[in-house]
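Work through the exercises below with the model open. Try each task before reading its solution.

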Amino acid sequence: MIHFAFPSPPACPEGEALRTEVRAFLEKELADRPPIDRAQSWNGVDAVFSRKLGQRGWLGLTWPKRYGGHERSALERYVLLEELLAAGAPVGAHWIADRQSGPSILRFGTEEQKLAILPRIAAGECFFGIGMSEADTGSDLASVRTRAGRADEGWRVNGAKLWTTNAHHCHYMILFCRTRPVDPDRRHAGLSQFLVDLSRPGITIRPILNLAGERHFNEVVFEDALLPHDAILGQEGDGWKQVTGELAFERSGPERFLSSFTLLVELLRALSPAADERAEIAVGRLGAQLITLRHMSRSVAGMLEAGADPALEAAMVKDLGALVEQEIPEVARDLIADGPPTEASRKLAEVLAYATMHAPSFSLRGGTREILRGIIARGLGLR
Amino acid sequence: MSEIYSPEPQPPGAESAGDMLRAATARVLGDLLTDAARETLADGATTQELWSKLEELGLPSALAPEKFGGFGVPVAEALSLLAVAGEYALPLPLADTMLAGFLLGKAGMEAPSGPLTVAPRAELTIDAGGRATGWAWDVPWGRHARSVVIVAETAGRRVIVAVPQSAAKVETGANVAGDPRDTIRFEAAVVAIAPAPFSLLDVRAAGAATRALMLAGALRAVTAMTTQYAEERKQFGRAIGKFQAIQQSLAVLAGQSASATAAADMAADAVAAWGQVLAPAVAAAKIRCGEAAGTGAAIAHQVHGAIGFTREHRLHHYTRRLWAWRDEYGREAEWARRLGSHLVAAGPAGLWPAITAI
């Protein structure tokens, strides 16, 4: 019998204490943040806010104190993240650094790299972008063509990375590229990761507007960009293993089901104090999915904390989470009344438009729906 | 029972008491509920043999208080046995007998022996002499139950009564799986009666939790058998499970099954806690499991093709129960309205705290 289990994570009184603290902080800090800005979820960028979180000790929460971290548990971090996201806090500036770049450096970096970079991330002063996708490399990550070749002074990089969110606000990128030519029999070999200071010569960052007209994406072009010897992260040739090992951390967090949460909040504002039966049923169905996903996602956090490898469970959370994130705008548009416009109805329409335009990305970023389902099928023994 | 369940703390890494109990239950059901046995289940002898085995394990009284014959297994662990029952599409009133013992126990009453049931809906009046008149419909296994437990509000009182089989007239009916769902009528019946120390909504939630667990278990079995079928069935020269279209469908089925399991476990915890969030937590679970049942049954049949649509193939034992159980103790819309109204009442600022309270 195939049995995926999602046991409740152990009780975490420290986490509940932190929740109270975070709610009080956000209520004050975000008092004037309008719904349309909250709707940006983890795309909202505010470096000042990120620094404030750093000052509160809320970045690098689980990392060793020696590297600027706070040695708190993954479950406490989970509480912090879900509270930030549910409130629509602008976490985009530090998001990637705190979620995946920092943990990668912690795991694979040299002592010098850790001491140089992690305390700056934890202070909210150093932001990271992802350097994986390319023009001809989406889901098939091993097909990257960007290349780093050995030179006397270090590594010389040529190629271009695409869809790097907020690269124009970032200090660093973790670059995933080839360091050896493709071996058709071992496509996953000869790939490496580098810590790239984006201010170095030979690196150009160009904007790509998304369909809503915003600049989140960028193309990052490397033209004979020279990286120092010590820019390599982990072992040369181990890039594939290093990248895939982090996916459970990246795929199961609360950001995988809360992207449209602000719209649901605003929908309730429009419906309250009382809703008709049709609206109650629709909201109840969405609520059931969110409540179940939160249980699953917290359970995965508990498994990660316990040192297990819940890669399949994480893929399920992300697949199901994107569905509910995409369903919220579909449900909301059906419940909105076509009455004469008011200030409240205009605001709701604005948030709905935002969610509608961003929904397609929810089942693309961080592993497409089809890739996730392929991973699950592999877990079932079908491939 | 004490040999199987020991409440002593287990050393870390050891199989828990709950694991052992679930394994013992699975063994009994697996041995007795063979495909051949299912065909003869209508014949009373097989049913009686299986029920006796369940009684030997103590399962029907798993939710009763220890002083009334329960064996002190924690409520959430006892409920998890219903997921095992679901994995075998158990055609017996185990959930209903457990639920009856649970409710009677909370009211300080001892459950009669033998199979019991709970009426999901009923109308009831109590006369001055304490005798009960009324009827109940869609009663699971009503014709087989020694007593039918009814919780109702009558003349401003909330009472729990146990109507004995001898006092009930039964009109037989069945759900889509063919399992008995009977109408029972009684007039001036002498019944055991006590004040009910819980609401009608609590009872509905506890019943819905039993169905959520059974649905989750049945979905696990359906996922396993559909995956196996896709590995064995060959078309175009290879196993159909090698085709991406089939793999994607099976991944959806596995995801629905996993999320139903998560939701059902949440419901079991809520019944165990028996507190403020019982109804919202069970609502979320019953909605999720009901939705997953519909999606899951459809995928299972699509992958199985024509053979899965036959009486001969065992898939229908499971899918017909998925369709039946999702309707019992409140369909998705009933619970969604309740949960939605709870969330709307919480308002925009209270929505997130209402979710994290569960």
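**Exercise 1.** In which sense do strand β5 and β8 of chain B pair, and over how many bridges?

*Solution.* Locate β5(B) at residues 157-164. Strands are DSSP runs of E, at least two residues, numbered from the N terminus. β5(B) and β8(B) pair in the antiparallel sense, over four bridges. Pairing requires at least two DSSP bridges between the strands. One residue pair to check: Val161(B) has Ile193(B) in β8(B) as its bridge partner.

This is a predicted model: local features need pLDDT of at least 70, side-chain atom pairs count only at pLDDT 80 or more, and totals for chains, interfaces and linings use all residues. Residues are numbered from 1 along each chain as its sequence is written, while chains are lettered from A and ligands numbered from 1 in the order in which they are written.

**Exercise 2.** Place this pair in its sheet, then find the helix that packs on the sheet.

*Solution.* Step one: the order is β1-β4-β5-β8 in chain B, an open sheet with mixed pairing. Step two: β1 (116-118) and β8 (192-195) of chain B are the edge strands, each pairing on one side only. Step three: neighbouring strands are turned by 20° against each other on average, direction ignored. Step four: helix α5 (94-106) of chain B packs on the sheet and touches β1, β4 (147-154) and β5 of chain B. Its direction makes about 75° with that of β1(B). Axes are lines fitted to C-alpha atoms, for helices over the stretch in contact; angles run from 0 to 180 degrees between N-to-C directions. Contact means C-beta atoms, placed from the backbone, within 7 Å.

Definitions and conventions
Two residues are in contact if their C-beta atoms, placed from the backbone, lie within 7 Å.
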